[in-house]
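Open the model in your viewer and keep the selection panel at hand. Each stop below gives a selection and what is there.

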Amino acid sequence: MSGPRPLRLPEHIVEIVSDAGEGAQKAALAFAQLCAKSGNGLWTVEIIPSEIRPPPHTTGSASGNRIRLAERARVTNAGNRANVVLAFNEMALLSRLEAGSLADDVLVLIDDHWATHEDEKYRLSYREVLDEFRSRGATIVEVPLAKETLRHAEDAQQGKNMFAVGILCALYSKDLDLLDDVIRDIFKAKDRRVIELAVRLAAAGHQYGVTHFDRCFEIEAHPSDVAKVAMNGNTALALGAVSAGFEICSMYPITPATSASHALSEIFEDFGGFVHQAEDEIAAIGVALGASYAGKTALTITSGPGMALKTEFQGLAVMTETPLVIVDVQRGGPSTGLPTKIEQSDLLHAIYGAPGDAPKVVIAPSTIEECYYILSIARKIAEEFRMLVIVLSDANLATGQQLFNRPDVSQTPRRPPLDLSPVAPGALPYDWDPTTGLSQRLLPGQPDGMGVTTSLNHDRNGKARYDAESNQRGHAMRSRKLAALQKTLNPPSVHGAPQGDLLLVGWGSTRGAIEEAVDVARSEGLSVSSLHIQFLSPLPPGLLEIFARFRQIITVELNYSDDWNDPLITNENRRYGQLAWILRAATLQDIDCIARVPGRPYMPVEILEEVKRILADRPGVASSAPALAAGKGVH
Amino acid sequence: MSTLTDLCLMESHASEAHTLDDYESERPRWCSGCGDHGVLAGLQRVLRKNNLDPENVVSVSGIGCSSRLPHYLKTYGFHGIHGRALPIATGVRLSRPELPVIVIMGDGDCFSIGGNHWLHAIRYNINAVVLVLDNEVYALTKMQVSPTTPDGWKTNTTPRGTYLKPMNPLSTVMGMTNISFVAQTATWLPAHLDETIEKAWEHHGLSFVRILQRCPVFMPKAFGEGGVHFPLVFLDHDDGIPVHPSLLARGTVQAHNHRDINEAQRAAVSVDPCPMGLVYQDPEVPSYEEIRWQRQERPDHRTFLQRLDAVMDRYAAG
């Protein structure tokens, strides 16, 4: 086998798109695993239509994946505009152009079957779209996906995705034998005939690529000595829940959170756990709270609309000081919003979304690896502080895949049996330490600890009280726990120089893109650094000191803020991004924000453009943001 | 594998028999003449009769006058939020199936704001005694119409009379899959009330008991002024709630096979006269927590780690 000499590159971004149901996601999965197993760093993002069967051959039907593969092991975000796109039809291809996710000089691989389709409508559309791409500077390589697949299968729909993977295997100079293994593994539950066909088609695609392509790439892979795993954030949450020792996950289906419960349902009973699918979101948290009250470690998993329904129970968990963990896999809001797409939508809701003063702990993972570990942190805090802990993941982490060091499960702590020893004489259900607000938790079954746990204001004995003093006291004790927790946190560390002109502050999954933008900006001589905040409530110590060393502080968030150039907007009525609100209140500093709702992750290059504009504009702040404000909605 | 019945056989740590005092907490703050007092006393008697250690019983309630009951019953209690007692109780049962659970709700609490949980809890058939104290009115919030307020009655939100016919909770639950125990009693029939609670206690599964009671303050005329002029029919069966001769002055008696779902559904539909006693029982319906615990494995720590490692293998890469 001989082909062109591969062009060596440090990284590449490739998108694979088809009509929904045509298998681009499976093809992408195979290709991503091929890259991962050969030792490339990796980050993938799903491209998901919001409907199960949107009208085929439309831009709304495009389904697939973006894969960023790199020579370095650590890839922290989905990257900039794609270098290669493999499309099963021209409308799927067009959708990626509309989404603004392709580089102008993108290499387009497209099924040529439409060029000669019997229906003139398709032939015409195909030609028009390809002409558009050519005029923008793209290179078009037409590939016979359907035609070649038909030489091996009766139905081109059944398997052209595997021919496509074979093509990518050739394009990226990957090892066909390894791809063979990957495909056999992916289809291992299928009929042997299906597996053999898939393998044969991949080999045919590879052969086609090797003999026909005038170029190919090599993203050097360095197989690591350290064992790695690749999974999406929801799976990482599920496995993290098991290793953190959770025993009950009570949930109600909601996009994009549900796949975490799928992953957990598959395995949890083998580990002594239950996934309980409740009759509604309210019951889901109610069952979790009841289970926790009785002594088991419980969590509930939801997304924005479910968070809204759970707010009364959140207040109950706070008032009764029942340990509880809520995972909110955020999506676009308000209301049904953009169910499959990313938004950092629920920060304010998580912190403030309950009647009265209801102090809660709010933390956010920034990578898929952190999704695995964060539930151990959440559990520990929930139990030691008798608090509600909300973990804010998002649709980007949920469905993206990342490669990270395989967790050492042997360190998983043993689950101790419930301590049901008699309650010491004089011990009270809310025996608050006046300094920290902490108190011992009593469990049903403990002799001499009988008493009611009530949603009413109560005193140290747990008795309902209506007087001013006990009400003030209860509030202070519940609030003090946040301060006590804050004292145990380390100040966050600045990425880049510890002082400068501009500090970008972010939270959650935007971290990778922000830090990458900062790295590039710094390499170009700009005085910019970034700060990532994992603890949103309580905020970590040391923020004032860090902020004081920068001339300007700007948050970068995937949620809504008014634009300075919008009609009617003034500095008296402008609404800010959610972290910006919190930081402004906490620091009394004029912190601005880059906060948009494109329904997809920020590209590092977009943040970089903002940084350049802000630094050039100074002292003006992050005023209009044309690139982001255009609202190029993609994934 | 241990069955749930084994798990429920609690070892009593108390060397001697409990007295009623062991289940008494603070003095109840219900209005005088309120039927809630009688339900509390009935529960205390059933706990004493079964000699249960107070620490091994959990009572769960929602919001409303009757939902204060856990404050007055000296067990572990959870006084939660309006309409949501059943999810909390389900969580307790899933988590600690060895702990008997009592759920106390009012008519608005259970049938209205908690309606979804009510129907689904019956389908789960968690093993719990579920008592609905139905006074046909929202009393704690001062006399608003409830789902069971009689047709045309005036309340503060229906000052010109209610608009709808009241719902029939018995026929509603008799339509639910997995219904396993339905009984109806009244606080003006104390012996019948006690025996009904006891029967509910003995049942394995969700024992749904509707307890009729007037509110002496806001609904004094309910149920024919608390049973004075209220037509009843006592359902009679050897294995049902006994119909003592003293009850005959309160209503008629009808032979009733509570194991026959069709007969039970017919009885449940009747509102005049109002059926009293054990309407339906099927002790064979498995409880949700039983099903879940039987399917769950409880590996030792070493096996736990091996399995977690094996799961991690599925995601191995690079």
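The tour goes from chain B to the interface, then to single pairs.

Before you select anything, note that this is a predicted model: local features need pLDDT of at least 70, side-chain atom pairs count only at pLDDT 80 or more, and totals for chains, interfaces and linings use all residues. Residues are numbered from 1 along each chain as its sequence is written, chains are lettered from A and ligands numbered from 1 in the order in which they are written, and side-chain values use heavy atoms, with hydrogens and water left out.

**Stop 1: chain B.** Select chain B. Its secondary structure comes to twelve helices and twelve strands (DSSP runs numbered from the N terminus: helices are H or I, at least four residues; strands are E, at least two). Along the principal axes, the C-alpha atoms of chain B fill a box of roughly 75 × 50 × 40 Å. The radius of gyration of chain B is 21 Å, which agrees with the value near 20 Å for a compact globule of 318 residues (taken over C-alpha atoms; the rule is 2.2 Å times the number of residues to the power 0.38).

**Stop 2: the interface.** Show both chains. How many residues does each chain give to the contact? Chain A gives 71 and chain B 55, with contact meaning heavy atoms within 4.5 Å. The area buried between them is about 5400 Å², and carbon and sulfur atoms give 62% of it (accessible area, 1.4 Å probe, that two parts lose on being put together, summed over both). Now select A:Phe274, A:Glu279 and A:Met450. In chain A they lose the most area to chain B, together 13% of what that side buries.

**Stop 3: charged pairs.** Five salt bridges cross the interface of chain A and chain B (a side-chain nitrogen of Lys or Arg within 4 Å of a carboxyl oxygen of Asp or Glu). Select B:Asp313 and A:Arg406. Their side chains meet in a salt bridge at 2.8 Å, N to O.

**Stop 4: a strand pair across the chains.** Select β9(A) and β12(B), residues 316-317. These strands pair in the antiparallel sense over two bridges; pairing requires at least two DSSP bridges. A:Lys228 has B:Ala317 in β12(B) as its bridge partner.

**Stop 5: inside chain A.** Over all chains the salt bridges number 46. Select A:Glu11 and A:Arg72, whose side chains meet in one of them, at 3.2 Å, N to O. A:Glu11 lies in strand β2 and A:Arg72 in the loop between β4 and β5, so the pair ties together parts of chain A that are 61 residues apart in sequence.
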